[in-house]
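Here is an informal walk through one model, written for someone who likes to check distances and angles. Have the viewer open and follow along.

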Amino acid sequence: RLDQLLGETGRSRSELRITVCPYFQPVDLDSVARYAEAGADALALLFLAADAAAVSAAFAALDPLFARATAT
């Protein structure tokens, strides 16, 4: 449907950058691949951290997701 709407205005999907925010939904290796297959260019993820250590741990937990996203 998106391709159709863009075509009606003389545009294409290649002109868009699609960012998805799953908000409080869990994100794992499979969901990263599914978002990419669906056409998402980026994910905006929400992390709640009580202190600096929690921030560091949250970023470390993203490493496998980054690896999967760049392999897709």
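Let's begin with helix α2 and what it leans on: its buried residues pack against β2 (42-43) and α3 (52-71). Keep in mind that this is a predicted model.

**Helix α2 and its ends**

Helix α2 covers residues 29-37, and its buried residues are Ser 31, Val 32 and Ala 33. What caps the N-terminal end of α2? That job falls to Asp 28, which has a side-chain oxygen 3.2 Å from the backbone nitrogen of Asp 30. Asp 28 also uses its backbone: the nitrogen there lies 2.8 Å from a polar atom of the Ser 31 side chain. So if you zoom in on Asp 28, look for a side-chain oxygen reaching the backbone nitrogen of Asp 30, and for a backbone nitrogen facing the side chain of Ser 31. After the helix comes Gly 39, with a positive phi near 110°.

Now for the buried residues themselves. Ser 31 sits in helix α2, and it counts as buried because its relative accessibility is 6%, with the cut-off being under 20%. Val 32 is found in helix α2 too, and at 7% relative accessibility it is buried by that cut-off. Which residues does Val 32 touch, leaving aside its neighbours within four places in sequence? The contacts are Val 27, Leu 43, Leu 65, Arg 68 and Ala 69. For a sense of scale, take Val 32 and Leu 2, which are 30 residues apart along the chain: their C-alpha atoms are separated by 21 Å.

**An aromatic pair and a nonpolar patch**

A pair of aromatic rings is described by the distance of the centres and the angle of the planes. How many aromatic pairs does the count give here? The count comes to one. The partners are Tyr 23 and Phe 24, with 4.5 Å centre to centre and 70° between the planes, which makes the pair edge-to-face. Is Tyr 23 buried or exposed? Tyr 23 is exposed, with a relative accessible area of 53%, and Phe 24 is exposed as well, at 54%. Both labels follow because the cut-off for exposed is over 50%.

Tyr 23 lies in the loop between β1 (19-20) and α2. Most residues other than glycine have a negative phi. Tyr 23 is not a glycine, yet its phi is positive, at about 55°.

The two rings also belong to something wider. Tyr 23, Phe 24, Leu 46 and Leu 48 make a nonpolar surface patch of about 490 Å². Of these, Leu 46 is found in the loop between β2 and α3 and counts as partly exposed, at 37% relative accessibility. Where does Leu 46 make contact, once its neighbours within four places in sequence are left aside? Leu 46 is in contact with Tyr 23 and Phe 24. In the viewer, then, you can follow the patch from the loop between β1 and α2, where Tyr 23 lies, to the loop between β2 and α3, where Leu 46 is found. One more distance for Leu 46: its C-alpha atom and that of Ala 60, 14 residues apart along the chain, are separated by 14 Å.

**Salt bridges**

How many salt bridges turn up in a search of the whole structure? The search finds two, and they are set out here.

| Acidic residue | Basic residue | N to O distance |
|---|---|---|
| Asp 3 | Arg 13 | 3.0 Å |
| Glu 15 | Arg 11 | 3.4 Å |

Asp 3 lies in helix α1 (residues 2-8) and Arg 13 in the loop between α1 and β1, so this salt bridge ties together parts that are ten residues apart in sequence. Are these charged residues buried, exposed or partly exposed? Asp 3 counts as partly exposed, at 45% relative accessibility, and so does Arg 13, at 32%. In the other bridge, the side chain of Glu 15 meets that of Arg 11. Glu 15 counts as partly exposed at 46% relative accessibility, and Arg 11 is partly exposed at 40%.

Methods: Residues numbered from 1 in each chain as written. Predicted model: local features only at pLDDT ≥ 70, side-chain atom pairs only at ≥ 80, totals over all residues. Heavy atoms only, no water. Buried < 20%, exposed > 50% of the residue type's maximum accessible area, 1.4 Å probe, protein only. Helix = DSSP H or I, 4+ residues; strand = E, 2+ residues; numbered from the N terminus. Contact = heavy atoms within 4.5 Å. Polar contact = N/O pair within 3.5 Å; in protein donor to acceptor, adjacent residues only side chain to side chain. Phe/Tyr/Trp six-rings, centres within 6.5 Å; stacked < 30°, edge-to-face > 60°. Patch = residues over 30% accessible without salt bridge, like charges linked within 9 Å, V, L, I, M, F, W, Y side chains within 5 Å. Areas by Shrake-Rupley, 256 points an atom, 1.4 Å probe, with all protein chains shown as cover. Salt bridge = Lys/Arg side-chain N within 4 Å of Asp/Glu carboxyl O.
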